Structures are given as C-alpha cells and as structure tokens.
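Me: I am new to this structure and would like a close look at a single part of it, namely the aromatic rings and the nonpolar residues that go with them. Please take me through that part slowly, in one connected answer.

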Amino acid sequence: MSKKSGNKLDPSFWLALFFAAVIAILVGTAAGWDWDPRFFPWAIGIPALALAVRQLLTDWRGAGANAEQGGATRYAGVLDIPVDQSISPQEMFRHTVKTARWIFAFAFGIWFFGFLISIPLFVFFYLVYEAQARKPVGLIIAGLTFLFVWGMFDRLMHLAWPEAALFTLLR
C-alpha cells in the first residue's frame with residue numbers, strides 16, 4: 001500500500017479483492033459439479049484463493065509499498081518482488097499489453113480448440129516468440145507438454161474436458 005495514497009484502500013487492495021472474489025465465485029461454482037469436472041478447478045482454485053486472501057489481508061493491514069534505499073520499491077506480498085524504477089512507464093505499459101494479449105490468446109485458444117490442443121500450442125508459440133527459442137526446441141517442449149497433460153489429466157485421471165467450440169461448430 002502506498003504511503004502517498006493517504007488511505008488504507010488503495011488500488012492494490014481493490015485488485016486483490018477483485019481476484020479473491022472472482023476465484024471464490026469460480027471455486028463455489030465448481031462445488032455443484034460432479035467429482036471429475038470439479039477436481040481440476042478445485043486443485044487450482046483453492047490454493048489460488050488462499051494466496052488471493054493472503055494478499056488481500058496484507059493489503060488491508062497496510063503492509064504494501066515500503067521505499068528502500070537504492071531506488072527499488074518493494075511490495076510486501078506473496079512474492080515480494082522489487083520493482084525496477086529504471087523502466088519507463090511506456091515500456092511497462094507495452095509489456096502489460098503484450099502480456100494481456102498472451103493471456104487473452106490462451107483463453108481464446110482454450111475456448112476454441114480445447115485444453116489438450118491449446119496448452120501445447122501456447123507453450124510452443126510463447127517459447128518461439130517471447131523466449132526466442134529455436135523452433136525444434138519449442139516443438140520438443142510443446143510435445144512433451146502435450147504428453148504430460150494428456151497422460152496425467154486424460155489417461156490417468158479421466159478428466160472430463162469441456163468440448164471445444166471448433167468441434168461443436170464442425171458437427
């Protein structure tokens with residue numbers, strides 16, 4: 001929480017409240033499902049909810065940003081990552097927009113192609129375009145990712161995947 005804001009409920013609190021509420025709604029929605037489709041959202045959602053609530057409480061208590069010597073500002077939270085003040089706001093905005101595009105592309109891919117296809121596709125394209133990995137390396141890692149997700153969630157756990165929009169449209 002910023003000492004400049006003067007009030008206890010600055011933007012970091014509201015952001016943490018938003019994420020805690022969204023995750024709580026999603027975990028609560030999954031409670032009405034059968035065990036198989038409920039397992040995956042709960043395995044991800046319950047730890048995420050615990051982290052979101054911890055961040056919310058940290059922001060509520062006012063243990064947010066504390067200025068330190070050397071120009072970096074530390075945000076007390078789950079990761080306690082120092083913010084590099086040498087990066088311009090325009091550069092940070094470009095990185096934020098780029099990250100948001102990756103997130104929306106991944107969400108669209110899950111909706112359109114389904115989980116089993118989207119996860120390795122996302123891994124491949126992210127490695128090639130963001131991590132600057134060579135395409136053969138990206139293909140190998142994407143293939144191993146597919147085998148892991150398919151083996152673990154489809155073959156071993158028999159997870160009921162939601163049907164992809166592409167397959168619904170092709171019927």
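Reply: A careful place to begin, in what is a predicted model, is the pairing of a charge with a ring: the charged end of Arg38 sits over the ring of Trp42, with 4.9 Å between that charged end and the ring centre.

From there we can turn to rings that pair with other rings, of which the model has 18 aromatic pairs. One of these joins Phe108 and Trp111, whose ring centres are 5.6 Å apart and whose planes meet at 45°, and because planes under 30 degrees apart count as stacked and those over 60 as edge-to-face, this pair falls into the remaining class and is tilted. Both residues belong to helix H3, which covers residues 89-113, and they are three residues apart there, or about one turn of the helix. As for their surroundings, Phe108 has a relative accessible area of 46% and is partly exposed, whereas Trp111, at 52% relative accessibility, counts as exposed, because the limit for that word is over 50%.

A stacked pair is formed by Phe122 and Tyr126, with 5.8 Å from centre to centre and 25° between the planes. These two residues lie in helix H4 (residues 115-129), where they are four residues apart, again about one turn of the helix. Phe122 is partly exposed at 24% relative accessibility, and Tyr126 is likewise partly exposed, with a relative accessible area of 38%.

Rings can also gather in a group, as in the aromatic cluster that is made up of Phe40, Phe115, Phe153 and Trp161.

The nonpolar residues complete the picture. The largest nonpolar core has seven residues in all, namely Phe13, Ala16, Ala20, Ile23, Val27, Ala52 and Leu56. Helix H1 (11-30) and helix H2 (35-61) each supply at least two residues of this core, and the largest share, five residues, comes from H1. Phe13, one of the members of this core, is in contact with Leu56, Asp59 and Trp60, if its neighbours within four places in sequence are left aside. Apart from this core lies another, of five residues, which include Ile119, Val149, Phe153 and Leu159. Phe153 therefore links two parts of this account, since it belongs to the aromatic cluster and is also among the residues of that other core, where membership requires a residue to be buried.

Technical notes. Residues are numbered from 1 along each chain as its sequence is written. This is a predicted model: local features need pLDDT of at least 70, side-chain atom pairs count only at pLDDT 80 or more; totals for chains, interfaces and linings use all residues. Side-chain values use heavy atoms; hydrogens and water are left out. Rings of Phe, Tyr and Trp (its six-membered ring) pair if their centres lie within 6.5 Å; planes under 30 degrees apart count as stacked, over 60 as edge-to-face and the rest as tilted. Buried means under 20% relative accessible area, exposed over 50%, partly exposed in between (1.4 Å probe, protein chains only). A charge sits over a ring if NZ of Lys or CZ of Arg is within 6 Å of the ring centre and within 35 degrees of the ring normal. A nonpolar core is a set of buried Ala, Val, Leu, Ile, Met, Phe, Trp, Tyr and Cys residues joined through side-chain atoms within 4.5 Å. Contact means heavy atoms within 4.5 Å.
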